[in-house]
Amino acid sequence: MGVNLVELVHQEINPDKYQKYYVDHSHGAVVNFLGVVRNIHEGRAVKRIFYECYERMTLKMMQQIEQECLEHYPMVKMVLVHRIGMVELGEASVLVCTSSKHRKDSYESSIFVMNRVKELLPIWKKEFHPDGDTSWVGIGS
């Protein structure tokens, strides 16, 4: 039976590594969300993104999101992983995994967690553009 996990990482996110935290043989629904770096943001080409945060504060906020999720969905097991540092096109910057007895709670809790990530986490991203320019944006953008 799994346990919940929140984690900040500096390396590539491998979703398989986290199965032990949310797998529960009494759960029939698993939702995995992987947010990856795309090649365009607000109409502007992007080559890679650098994510920066104050790690202690960000981890504390991630734990708050975990608590909120469990208050709304007490039977859900969940994983929330966010990568910081340089992330290349197609690589994952965030992973949310949820499991529950039925699909409704898994889907809803996954959406809930990702919405709270966008609202709460003090993470900023520096986009690198093909023309050599860079721009900083808040993660909720």
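The structure holds zero disulfides. It is a predicted model, and its cysteines give a simple starting point. The sulfur of Cys53 has its closest cysteine sulfur in Cys97, at 19 Å, which is too far for a bond. For Cys97 the closest cysteine sulfur is that of Cys69, at 12 Å, and this is again too far for a bond. A disulfide would need the two sulfur atoms within 2.5 Å. Cys53 counts as buried, because its relative accessibility is 17%. Cys97 is buried as well, with a relative accessible area of 0%.

Cys97 leads to strand S8, which spans residues 92–100. How many of the nine residues of S8 are buried? Nine of the nine are, so the strand is largely enclosed by the rest of the structure. S8 has pairing partners that can be followed by eye. Strand S2, residues 29–36, runs antiparallel to S8 and is joined to it by eight bridges. Within this pairing, Val30 stands opposite Ser99 of S8. Strand S6 also runs antiparallel to S8, and six bridges join the two. Here Val81 has Leu95 in S8 as its bridge partner. As general background, strands of a sheet pair through backbone hydrogen bonds, either parallel or antiparallel.

Just before S8 comes Glu91, in the loop between S7 and S8. Is Glu91 buried or exposed? Glu91 is buried, because its relative accessible area is 18%, and the cut-off for buried is under 20%. Leaving aside residues up to four places away in sequence, Glu91 touches Glu12, Gly35, Val36, Val37 and Arg83.

Another glutamate, Glu42, makes a useful contrast. Glu42 is placed in the loop between strand S3 (40–41) and strand S4 (44–45). Its relative accessibility is 70%, so Glu42 counts as exposed. The phi of Glu42 is near 50°, which is a positive value in a residue other than glycine. In general, most residues other than glycine have a negative phi.

The next element to find is an open sheet of four strands. Its order is S7-S5-S9-S10, and the pairing is antiparallel. Which strands form the edges? They are S7 (85–88) and S10 (134–138), each of which pairs on one side only. From one strand to the next, the twist averages 25°. Strand S5, residues 48–53, pairs with S7 in the antiparallel sense over four bridges. One position to look for in this pairing is Tyr51, whose bridge partner in S7 is Gly85.

Tyr51 appears again in the interior. In soluble globular proteins, nonpolar side chains tend to be buried together. The largest nonpolar core in this model has 25 residues, and the members that touch the most others are Tyr51, Met78, Leu80, Val113, Val117 and Leu121. Strand S1 (5–9), S5, H2, S6, S8 and H3 each supply at least two residues of this core. Another core, of ten residues, lies apart from it; Val9, Ile13, Tyr22 and Ala92 are among its members.

The last feature is the pairing of aromatic rings. A pair of aromatic rings is described by the distance of the centres and the angle of the planes. How many aromatic pairs does the structure hold? There are two. Tyr18 and Tyr21 form a tilted pair, with 6.4 Å from centre to centre and 40° between the planes. Tyr18 counts as buried, because its relative accessibility is 2%, whereas Tyr21, with a relative accessible area of 22%, is partly exposed. Tyr73 and Phe112 form an edge-to-face pair, at 6.2 Å centre to centre and 65° between the planes. Tyr73 lies in the loop between helix H2 (55–72) and strand S6 (77–83), while Phe112 lies in helix H3 (residues 103–120), so this pair ties together parts that are 39 residues apart in sequence. Tyr73 is buried, because its relative accessible area is 14%. Phe112, at 16% relative accessibility, counts as buried too.

Methods. Residues are numbered from 1 along each chain as its sequence is written. This is a predicted model: local features need pLDDT of at least 70, side-chain atom pairs count only at pLDDT 80 or more; totals for chains, interfaces and linings use all residues. Side-chain values use heavy atoms; hydrogens and water are left out. Two strands pair if DSSP finds at least two bridges between them. Axes are lines fitted to C-alpha atoms, for helices over the stretch in contact, and angles run from 0 to 180 degrees between N-to-C directions. Rings of Phe, Tyr and Trp (its six-membered ring) pair if their centres lie within 6.5 Å; planes under 30 degrees apart count as stacked, over 60 as edge-to-face and the rest as tilted. Buried means under 20% relative accessible area, exposed over 50%, partly exposed in between (1.4 Å probe, protein chains only). Contact means heavy atoms within 4.5 Å. A nonpolar core is a set of buried Ala, Val, Leu, Ile, Met, Phe, Trp, Tyr and Cys residues joined through side-chain atoms within 4.5 Å.
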